[in-house]
Amino acid sequence: MRMTSRAAKPATRRATNVSLPTNLIEEARRLDINISQACESGLEATVAKTRAERWIEENREAIESSNAFVEKHGLPLAKYRQF
């Protein structure tokens with residue numbers, strides 16, 4: 001049973017049409033690759049990457065502000081670091 005990455009309940013599945021190059025489909029079948037699973041894995045990776053990119057963009061101002069503070073003042077609590 002497939003679980004969603006965000007919840008502990010089984011993922012709801014929906015059939016979807018996807019157009020892929022014929023040669024790629026044929027090669028995947030020759031290699032016994034589950035095309036649905038491969039598409040799902042690729043889509044999950046793309047979704048995760050896009051979420052991360054958007055989070056960085058949405059938080060860019062705060063990240064830059066924090067970096068500027070550290071450049072100017074050093075790391076807070078740096079005197080307590082043991083390495």
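This passage describes the overall dimensions, helices and one surface patch of a predicted model. Local features were restricted to pLDDT of at least 70 and side-chain atom pairs to pLDDT 80 or more, whereas totals for chains, interfaces and linings use all residues. Residues are numbered from 1 along each chain as its sequence is written, and side-chain values use heavy atoms, with hydrogens and water left out.

The chain contains three helices and zero strands, in the order α-α-α along the sequence; helices (H or I, at least four residues) and strands (E, at least two) are DSSP runs numbered from the N terminus. Its radius of gyration, taken over C-alpha atoms, is 22 Å, against a value near 12 Å for a compact globule of 83 residues (2.2 Å times the number of residues to the power 0.38). The C-alpha atoms fill a box of roughly 60 × 30 × 30 Å along the principal axes. Buried residues (under 20% relative accessible area, 1.4 Å probe, protein chains only) account for 2% of the 83 residues.

Helix α3 comprises the 14 residues 60-73, and its end C-alpha atoms are 20 Å apart, in agreement with the expected span of 20 Å (1.5 Å times one less than the number of residues). Just after α3, G74 adopts a positive phi of about 85°.

I63, located in helix α3, has a relative accessible area of 32% and is therefore partly exposed (between 20% and 50%). Together with W55 and I56, I63 forms a nonpolar surface patch of about 280 Å² accessible area; such patches join nonpolar side chains (Val, Leu, Ile, Met, Phe, Trp, Tyr) within 5 Å, from residues with over 30% relative accessible area and no salt bridge (a side-chain nitrogen of Lys or Arg within 4 Å of a carboxyl oxygen of Asp or Glu).

Definitions and conventions:
Patches are made of residues with over 30% relative accessible area and no salt bridge: like charges are joined within 9 Å, nonpolar side chains (Val, Leu, Ile, Met, Phe, Trp, Tyr) within 5 Å. Accessible areas come from the Shrake-Rupley method with a 1.4 Å probe; for residues, only the protein chains shown count as cover.
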